[in-house]
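Visitor: Good morning. I am new to this structure and would like to be taken through it step by step. Could we have it on screen?

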Amino acid sequence: MATLLEFRDVSKRYGNDTLALSHVSFSVNEGELVSIIGPSGAGKSTLLRCINRLIEATSGEVIFDKTNVQQLSKGKLRALRTKIGMIFQSYNLVDRLSVFENVLHGRLGYKPAFVGALGLYHESEKKQALEILKSLGLEDQVYKRCDQLSGGQKQRVGIARALVQEPRMLLADEPIASLDPSSSKTIMDHLRHISTSLGITVLVNLHQLDIALNYADRIIGVSQGKVVFDGLPSELTDETIRTIYGADSEELNLNIPESKEVARKI
Amino acid sequence: MKMIRTAGPALTGRDPFTAKRIRIKLLTRSALVIRMTILMLALLTLLGFLTFNYQGVNFFKGVAATLSNFKVIFIQPAFAHVTFQGAIGELLITLSLGILTTLLGAVIALFLSLFAAKNLSNRMTSNIVKELVAIIRAVPTVLWVLIFAVSAGLGSVAAVIGMSFHSISYLTKAYSESFEEMDRGTIEALEGCGASWWQIVWQAVIPSSLTSMISWTFIRFEVNFGVAVAMGAAAGAGGIGYDMFMDSSYYYNLHEMGAIAYFILIVAMILEYGSVKIKDKIRA
């Protein structure tokens, strides 16, 4: 399989002494669903944002589809961002606008500034947005305002906004951290489907170990800004889990064999 | 002076178990400053009353005369020099002055506030615009009208420019603060889609802050209506304020002043009612 994304020795420093990422190197193949796990503050969100340059890396190279992301000009960066969809823990929708308008925002990157600013969309784009909404089970919510939706529905709108971009890669930053278990399952099932059926590469930050084990093709463990594990879910041992979660793993230890068990059953 | 004398022991003797007199509250530095300020204000007020120059005006007679004037104004209103239709016409002129200056202010402020909002602009531009606008706002509207009257001559032109000028600075502050309340994540999400700055502004920032922008604009309109009345008299801008000024200073017709005062009051109440209704509508 072709490599879509590659991190080469990437570091990110905030201020003078906070090192959020330190010499991170890994690669992601096309169509994979890769889960990044690690404790809070390990640098998972920073890592994800370095890919579409919502955060600028301090050193190193991020290669996406054979282009060096760091060296892109402003216009080229916009073009690159259309190819990378992103969903967030807090959904980040415009609450006062309708579901339909929010989903169409995914098309803005393809438009000249003022056409998009006026909210003019092509009929084919609207049709495409409607189809995606239908595939996510939101056909009854099209004209509803986003602040009237439940958390699970909002996250599906977020996914729709990302999919309407026709991305090659989907970044998910803790997509289920504020959702109940059943909505979480729906969202993860959708992400799995996006990766398997649509062939879109998915990179998802998670802090729920059992869910990562269940859904991911590959797991990358991050601790204190360093990649400490990169491999298949089945290769993840109790030992490595302890290195990833550090001293906090005492309580986790009780759950690890259990969650691995659960993962195997599913 | 008693307060100051007790300050010493209260600051040092903090232990209520050993103090001779047990205090409920500790006299901290800020409490002391507040007490001193109130004391100074009381002294100044007293000094003011003692040194007034009454110039032979009997206080009680004066109050009685004022009250009887009020009686004429508010209980016996009548038109004399202006007709009812004429007053409505003049009122429309005043209203137009308010609407025009608010609109001009709102349109220009919309663009300025985009550069003033910290989350949409860079730190330097934001600070420069905010400082500039703060300086303009510090000078009262009436003074701006008089300043512009130097070049435009006393009249409606100076009133429109001066009032718009102050409205711009007021609304720039109000709008930019509404923009700054916008969730950072939403802007980040649209940046992540590849959206440009203008697209983010029109598709996310303005829709999210529209409600508060409209209510700020309405508040400014109410202010501008009041200023427009005053400008009719002070700057010769015409409208209902000018008629009122003529009644009070040349014709000494208190009956007509009363009629005009009621007119203005009714319009102000209608504006207030309308703005509340509109705010309810857009919030739902």
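Visitor: How many helices and strands does chain A have?

Guide: Chain A has ten helices and ten strands. Please keep in mind that this is a predicted model.

Visitor: And what is the radius of gyration of chain A, set against a compact globule?

Guide: Chain A has a radius of gyration of 19 Å, which agrees with the value near 18 Å for a compact globule of 266 residues. Along the principal axes, the C-alpha atoms of chain A fill a box of roughly 55 × 40 × 35 Å.

Visitor: How many helices and strands are there in chain B?

Guide: Chain B contains eleven helices and zero strands. Its pattern along the sequence is therefore written with helices throughout: α-α-α-α-α-α-α-α-α-α-α.

Visitor: Is chain B compact or spread out?

Guide: Chain B is more spread out than a compact globule, because its radius of gyration of 27 Å is well over the 19 Å that the globule rule gives for 284 residues. The box filled by the C-alpha atoms of chain B is roughly 80 × 75 × 40 Å along the principal axes.

Visitor: Which domains does the assignment give for chain B?

Guide: The assignment gives domain 1, covering 2-56, and domain 2, covering 84-283. The C-alpha centres of these two domains of chain B lie 43 Å apart.

Visitor: Let us turn to the interface. How many residues does each chain bring to the contact?

Guide: Chain A brings 28 residues and chain B brings 21 residues. The area buried between chain A and chain B is about 1900 Å², with carbon and sulfur atoms giving 53% of that area.

Visitor: Which three residues supply the most of what chain A buries?

Guide: They are N92(A), R96(A) and A117(A), which supply 26% of the area that chain A buries against chain B, more than any other three residues.

Visitor: How many salt bridges are there between chain A and chain B?

Guide: The count is one salt bridge. It joins the side chains of R49(A) and E188(B), at 2.6 Å from N to O. In general, side chains of opposite charge can pair when their charged atoms come close.

Visitor: What about polar contacts across that interface?

Guide: There are 13 residue pairs in polar contact between chain A and chain B, with both residues at pLDDT 80 or more. On the side of chain A that touches chain B, the elements giving two or more residues are α2 (74-82), β6 (84-88) and α4 (113-117). The residues of that side comprise twelve nonpolar, nine polar and seven charged.

Visitor: Back to salt bridges: how many are there over all chains?

Guide: The count comes to 19 salt bridges over all chains. In chain A, the side chains of D189(A) and K185(A) meet in a salt bridge at 2.9 Å, N to O.

Visitor: Where do D189(A) and K185(A) sit?

Guide: Both sit in helix α7 (residues 181-196) of chain A, and because they are four residues apart there, about one helical turn separates them.

Notes: Residues numbered from 1 in each chain as written. Chains lettered and ligands numbered in written order. Predicted model: local features only at pLDDT ≥ 70, side-chain atom pairs only at ≥ 80, totals over all residues. Heavy atoms only, no water. Contact = heavy atoms within 4.5 Å. Buried area = accessible area lost by both parts, 1.4 Å probe. Salt bridge = Lys/Arg side-chain N within 4 Å of Asp/Glu carboxyl O. Polar contact = N/O pair within 3.5 Å; in protein donor to acceptor, adjacent residues only side chain to side chain. Nonpolar A, V, L, I, M, F, W, Y, C, P; charged D, E, K, R; others polar. Domains from an automatic or database assignment. Rg over C-alpha atoms; globule rule 2.2 N^0.38 Å.
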